[in-house]
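Work through the exercises below with the sequence and the model side by side, and try each task before reading its solution.

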Amino acid sequence: MEYSGDGYDVVVIGAGIMGSCTAYELAKRGEKTLLLEQFDFLHHRGSSHGESRTIRAAYPQDYYCAMAMESYTLWEEAQSEIGFKVYFKTQQFNMGPSDDKELLSILSSFQKNSVPYQILDRQQTAEKFSRRINLPENWIGVFTELGGVIKPTKAVSMFQVLASRKGAILRDNVEVNSITKDGEKGGIWVSAANGEKFWAKKCIITAGAWARKLVKSVSGLELPIQALETTLCYWRIKEGHESEFAIGSDFPSFSSCGKQHVYGTPSLEFPGLIKVASHDGYPCDPDKRPWGPAKSLSYLKEWIEKIFSGLVDHERPVASQSCLYSMTPDEDYVIDFLGGEFGNDVVIGAGFSGHGFKMAPLVGRILADMALCGEAKGVNLKHFRIRRFQENPKGNVKDF
């Protein structure tokens, strides 16, 4: 095998949003950093592409609410450094049955984290949003100023450029197939399918839907992370009402509890279309995806017709995009050391379960701290430890 270079402080495997943020954070600290991607940079095979992701503090888990609050600041700082915007501010509106446990947990989370919010009934919601949102009977809404939309492909590119400016080496089309300990001088050998080998003091795995396969091949550890193929749907706003649902108006990013978790963003990427999608998907092998149609859209169609007062065409979506979730049983992240023979020399960030993108700058900082300092400063990672699945195969127990 060919040995490339004199070695690195840290090799990061996977150049989606998590890996790109991590590489930036490492390089910013003066660490000699190598970022490897198995496909082209900015590819569409994983979880870090497309035109929009929501950022919200509205979480039923108070620990995610706190993380999101910090992430807002980090997004602002990064885009200020690059000189263009990837994060667009909106308000956030969550809705659902008045007795829904998830919605009530969001209220509790807001209270614990001192997030200002308003509870709106059906009539108050209609008045606030000029009857663009029509809640069913016995539903309530929770309104906060802390929403937002992030442009994902643009954001990944931003962090890669920033990492490169700070001195990180970025390589795409390099598929890692082996990670081994150096028994003589310490550190880690990262080997690629093309025959190259890279030595580093530390290694961080941020391989998204491929993390499970890679971790199992190098350590035998089976992470309970299931790739799901999900479909993002865009629906046509009826003529004459396009500006009422557009970013820059007072229309919020939104999420709906109940029978299915529905979410969406104001019109941004495709003028005249609004993204409304369901938080679900089909289990798949990330290397053998079906690239198939979405699950039944009957609930989404009914939801759009009911909630948007007839102002959005609910007959069918006019555009769609396929994306991957890396889903854990409890939908909590995996942020931990690989352990075993690797000890604290290999760090894993994976299983972000369709709601990690907004946290990426913070996750990048956490992973860098773990690799360099052996701990995440100021962050409690007990919810994200691998051992939780040994104690309970379903992971963290939740009451919603």
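Three exercises follow, each with a worked solution, and they concern a predicted model.

**Exercise 1.** Find where Asn173 is located, and decide whether Asn173 is buried, partly exposed or exposed.

Solution. Begin with the chain segment: Asn173 sits in the loop that joins strand 10 (169–171) to strand 11 (176–181). Next, take the relative accessibility of Asn173, which is 45%. Buried means under 20% and exposed over 50%, so Asn173 counts as partly exposed. Finally, look at the backbone, where phi of Asn173 is near 55 degrees, a positive value in a residue that is not glycine. Most residues other than glycine have a negative phi.

**Exercise 2.** Determine the sign of phi at Glu331, and then place Glu331 in the chain.

Solution. The phi of Glu331 is positive, at about 65 degrees, although Glu331 is not a glycine. As for its place, Glu331 belongs to the loop between strand 19 (319–327) and strand 20 (334–337). With a relative accessibility of 32%, Glu331 counts as partly exposed.

**Exercise 3.** Establish whether Asp336 is buried or exposed, and which partners the side chain of Asp336 reaches.

Solution. Start from the element, since Asp336 lies in strand 20, and its relative accessible area of 9% falls under the 20% limit, so Asp336 is buried. Then follow the side chain of Asp336, which makes a polar contact with the side chain of Arg385 at 3.1 Å and reaches the backbone nitrogen of Ile386 at 2.9 Å. Last, list the residues that Asp336 touches, leaving aside those up to four places away in sequence: among them are Val346, Ile348, Met370 and Phe384.

How values were computed:
Residues numbered from 1 in each chain as written. Predicted model: local features only at pLDDT ≥ 70, side-chain atom pairs only at ≥ 80, totals over all residues. Heavy atoms only, no water. Helix = DSSP H or I, 4+ residues; strand = E, 2+ residues; numbered from the N terminus. Buried < 20%, exposed > 50% of the residue type's maximum accessible area, 1.4 Å probe, protein only. Polar contact = N/O pair within 3.5 Å; in protein donor to acceptor, adjacent residues only side chain to side chain. Contact = heavy atoms within 4.5 Å.
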